[in-house]
Amino acid sequence: MLVASALTVSCAIVAGVGASAALAELTRQPSQQELRQAAATEIARRWRVWPAGRIFPATVAYTGEQGGAERARRVGISARTDCVAAVDAALRETMKAARCQGVLRATYLDALQGIVVTVGVAAFPDAGAADSAAAALPQGGKPAPGLRALSFPRTVADRFTAAGRQVATVRRAGPYLVMTTAGQTDGRPARALGRQRPTMFTFTGDLADRIAKELLNPVLPNCAAKEFQC
């Protein structure tokens, strides 16, 4: 009976210690590593959970050709998010190999409504996959193969087509690629143009940079919010 009593007491102590440890684990504050992981997970999910208007604001600030502060105005946002529909056929296998999860697209007009810009946010599982896709894009601002033009009927941007793409940019932003392709609102084909002013399209990089910055803007994790997985 003494041995049985001793075993009972020992089991009770072990159970108490185990319960106490479990309670402490469940109620403790997250570690710094866990907070960083939660923040990274939240950033990677933004393309899914953020409203489209937050990723593509109604207006985006940029620096004009003469150095003044200007704002590009959003024309519309595509309802489609599939990767293959957002890029030229020559890039579709590359996007699949890089495990593209989706591409969000919106079209903007510059302040003078002479230049139309389609901005695309391509989401990947991680930064390495995004880098792999970026390596396949043409260099030197060549627009093709690249992001497809997004036009909207009965708007100033309704003439923007693949033939009218004149310049492109790409920005790496963690698990995202922020791409742009731009042309002129009159729809003139790029091959029909004479000598261009390279600076007229410089602002497209500003649009990509500002959208990329917002996508990567870190926030303090709030483990009670649905955006975070702590």
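Where does R165 lie? Let me start there, and then walk you outwards through the rest of the fold. A quick reminder that this is a predicted model.

So, R165 sits in the loop between α7, residues 127-135, and β5, residues 167-173. Is R165 buried or exposed? Its relative accessibility is 8%, and buried means under 20%, so R165 counts as buried. Its side chain has two backbone oxygens to talk to: that of L147, at 2.8 Å, and that of A162, at 3.2 Å.

While we're in this loop, have a look at two other residues. P145 is in the loop between α7 and β5, and the peptide bond leading from A144 into P145 is cis, with omega near -5°. R154 belongs to the loop between α7 and β5 as well. R154 has a positive phi of about 60° although it is not a glycine, and with a relative accessible area of 79% it is exposed. As a general reminder, most peptide bonds are trans, and most residues other than glycine have a negative phi. Over in the loop between β3 and β4 you'll find Q113, where phi is near 60°, again positive in a residue other than glycine. Q113 is partly exposed, at 36% relative accessible area.

Now back to the helix, α7. At its N-terminal end, D126 acts as a cap, with a side-chain oxygen 3.2 Å from the backbone nitrogen of G128. Which residues of α7 are buried? They are A129, A130, A133 and A134. These alanines span an arc of only 140° around the axis, so they fall on the same side of α7. And what do they pack against? The buried residues of α7 meet α6 (92-97), β5 and β6 (176-184).

That brings us to the sheet, so please rotate your view. It is an open sheet of six strands, in the order β1-β2-β3-β4-β6-β5, with antiparallel pairing. At the edges stand β1 (59-63) and β5, each with a single partner strand, so one side of each has no neighbour in the sheet. On average, neighbouring strands here are turned by 30° against each other, ignoring direction. For one pairing up close, take β2, residues 69-77, and β3, residues 102-109: they pair in the antiparallel sense over four bridges. Within that pair, G76 stands opposite T107 in β3.

Two helices deserve a mention against this sheet. α7 packs on the sheet by touching β5 and β6, and its direction makes about 30° with that of β6. Then there is α8, residues 203-216, which lies across β1, β2, β3, β4 (115-123), β5 and β6 and runs at about 125° to β1.

Let me finish with the whole chain. How many helices and strands does the protein chain have? There are eight helices and six strands, and along the sequence they follow the pattern α-α-α-α-β-β-α-α-β-β-α-β-β-α. Of its 230 residues, 40% count as buried. If you take contacts between residues at least 6 apart in sequence, 68% of them join residues at least 24 apart. Finally, the accessible surface of the chain is about 12800 Å², with 56% of that belonging to carbon and sulfur atoms.

Thanks, everyone!

Conventions:
Residues are numbered from 1 along each chain as its sequence is written. This is a predicted model: local features need pLDDT of at least 70, side-chain atom pairs count only at pLDDT 80 or more; totals for chains, interfaces and linings use all residues. Side-chain values use heavy atoms; hydrogens and water are left out. Buried means under 20% relative accessible area, exposed over 50%, partly exposed in between (1.4 Å probe, protein chains only). A polar contact is a pair of N or O atoms within 3.5 Å; within protein, one must be able to donate a hydrogen and the other to accept it, and residues adjacent in sequence count only if both atoms are side-chain atoms. The arc is that of the directions from the helix axis to the C-beta atoms. Contact means heavy atoms within 4.5 Å. Two strands pair if DSSP finds at least two bridges between them. Axes are lines fitted to C-alpha atoms, for helices over the stretch in contact, and angles run from 0 to 180 degrees between N-to-C directions. Accessible areas come from the Shrake-Rupley method with a 1.4 Å probe; for residues, only the protein chains shown count as cover.
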